[in-house]
Amino acid sequence: MTGPLVELLVSPGTGDRLGPVARHLSSWADVRAPEPALPTPRARLASSWRAPRLAEALADGAPPLALWVASGDEADAARESLPRCAVLLCDRDEVGEHLRARAPATPVIVLRRGGLDVDLLRPLPPFVRARWRRRLGLAGDLLVDVRSASTTISERLVPSALAVAAAVVVDHRWLAHALALGAAVVADQDAAELEGATDGRELVVAEGDDAPAVAGEVALDLARSAALGREGRRLVERRYDLRSRTGDLARRLGLLPDHPAARQVVVRRLDELGTPPGARVAARARVATALFAQASAGSSIACGGGGR
C-alpha cells in the first residue's frame, strides 16, 4: 500500500458519488474496497446511509467515517448517524445547509459536481491571451461562443479556444472551466445563478442573441476583462477546487499527520499579510504543512526512526 488505508463502503447505485473524491484522495491515501486480507483502515468513506457495514463503521472506537449525503431527505433519514460521522459530504449548498442544521458540530464539505483540479488550469490574463493570438495568427479581437446551439468548435478544441479568446460566451457546461482560465466571460442569468456569480464582478450577464455583441464590448476593455478574469478565477477556487477540498477531507479523517511548528510559522506569516482565515491560500497552506509532516515521517521511518 502507498499510504494510509481508506475503505470504501458503497451501497448499490451510489458508487459514482465517491468516484472523484476517491480519485483525488489517492494523492494522500490508498483507497480500497473492503477485503478480508487488508488491515484495519485508517478511515472510511460511505456513499450513503444505506451503505453496508455502516453501523460497524459508526461504532465507538471505529476509524473516522466520511458519509456522503445526496439530499435533504437522506439527511433526515440518517439524522441519528450524522453526529457520529467525522465529516459529511454533499454536492450542493442547500444540502450542506440542511446537514449543518441536523448536525451542527459535524464538519460539512461541499464537493460540487463538475469540480475541477484548478491547479491544472492556469489563469491567462488579457495580455498573455493577446500574445498567444498573435503567435497563432488569430484575430486580435477573437470571440469564442461555445453555447451548444452556437458553436462550430469541436468539443476537443473548446478548452484551447477558451484559453486564448479575448472574450467568451458560454452556457453552464463550460462556465466553470472558462472562469478557471481567467477568461472574460459572458453568460445568461440562469448560468450565473447556478455558479453563484454576480453580473459585473465575475462575469457579464447577457441573454440569447445579444451575448456576442456584449462580449465584443468586453473584449475591447482590457482593464475590465482583467478584473472579470481575476474575480472569476477566485470564484472557481472557492467553489470547485477538488484538490483543496479533498486535502481538507484527508486532514479531518486523520490521514495527514499534524505538524504544528511548521503550520504555526505559515499561519503567522499569513496573518501578517492580512490573509482572511477562509482564503484558499490558507487552506492550501494547511494541506502543504500536513504533506510536509507526512514526508518527514516517512523519512524518519526509512532511516530507522531515530537520530544518533
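## Close-up views of a predicted model

**Overview. The whole chain, before zooming in.** Of the chain's 308 residues, 46% count as buried. What you're looking at is a predicted model, so keep that in mind for every panel below. The fold is built from 13 helices and 10 strands. Take the contacts between residues at least 6 apart in sequence: 58% of them join residues at least 24 apart. The accessible surface of the chain adds up to about 15700 Å², and carbon and sulfur atoms hold 54% of that.

**View 1. Helix α7 is mostly covered.** This helix runs over residues 172-180, and seven of its nine residues are buried. Going along it, the buried ones are Trp174, Leu175, Ala176, His177, Ala178, Leu179 and Ala180. What sits over them? The cover includes two strands you can pick out, β8 (167-169) and β9 (185-187), along with helices α6 (158-164), α8 and α10 (222-240). Just past the end of α7, look for Gly182, whose phi is positive at about 75 degrees.

**View 2. Val158 meets Trp174 of α7.** Val158 belongs to helix α6, and with a relative accessible area of 2% it is buried. Trp174, one of the buried residues of α7, is 16 residues away from Val158 in sequence, with 8.7 Å between their C-alpha atoms. Which residues does Val158 touch, if you skip its neighbours within four places in sequence? They are Val146, Ile153 and Trp174.

**View 3. Glu202, a buried acid in a loop.** Find the loop that connects α8 (189-195) to β10 (204-205), and Glu202 is there. Is Glu202 buried or exposed? Its relative accessible area is 0%, so it counts as buried. A polar atom of the Glu202 side chain lies 2.7 Å from the backbone nitrogen of Thr198. The Glu202 side chain also has a polar contact of 2.8 Å with the side chain of Arg201. Leaving out neighbours within four places in sequence, Glu202 is in contact with Leu179, Ala197, Leu228, Glu231, Gly232, Leu235 and Arg238. One of these, Leu179, is among the buried residues of α7.

**View 4. The Arg201–Glu202 salt bridge.** Here's the same pair seen as a salt bridge: the closest N and O atoms of Arg201 and Glu202 are 2.8 Å apart. The two ends have different surroundings: Arg201 is partly exposed at 42% relative accessibility, whereas Glu202 is buried at 0%. This is one of 20 salt bridges counted in the model.

**View 5. Two salt bridges along helix α10.** Start with Arg234 and Glu231, whose closest N and O atoms are 2.6 Å apart in a salt bridge. How far apart are Arg234 and Glu231 along the helix? They are three residues apart in α10, so about one helical turn separates them. Both count as partly exposed, with Arg234 at 41% relative accessibility and Glu231 at 22%. Now move to Arg233 and Glu237, which form a salt bridge with 3.0 Å between the closest N and O atoms. Their spacing is four residues in α10, which again comes to about one helical turn. In this pair, Arg233 and Glu237 are both buried.

**View 6. A salt-bridge network of four residues.** Some salt bridges link up with others. In this close-up, Glu7, Arg44, Arg53 and Glu56 are joined in a network of salt bridges.

**View 7. A nonpolar patch on the surface.** Trp132, Leu136 and Leu138 together make a nonpolar surface patch of about 280 Å². Where is Leu138 found? Leu138 is in the loop between α5 (126-136) and β7 (143-145). At a relative accessible area of 35%, Leu138 counts as partly exposed.

**View 8. Cys85 and Cys90, with no disulfide to show.** How many disulfides does a search of the whole structure find? It finds zero. Both cysteines shown here are tucked away from the surface by the numbers: Cys85 is buried at 7% relative accessible area, and Cys90 is buried at 0%.

Definitions and conventions. Residues numbered from 1 in each chain as written. Predicted model: local features only at pLDDT ≥ 70, side-chain atom pairs only at ≥ 80, totals over all residues. Heavy atoms only, no water. Disulfide = S-S within 2.5 Å. Buried < 20%, exposed > 50% of the residue type's maximum accessible area, 1.4 Å probe, protein only. Polar contact = N/O pair within 3.5 Å; in protein donor to acceptor, adjacent residues only side chain to side chain. Contact = heavy atoms within 4.5 Å. Patch = residues over 30% accessible without salt bridge, like charges linked within 9 Å, V, L, I, M, F, W, Y side chains within 5 Å. Areas by Shrake-Rupley, 256 points an atom, 1.4 Å probe, with all protein chains shown as cover. Salt bridge = Lys/Arg side-chain N within 4 Å of Asp/Glu carboxyl O.
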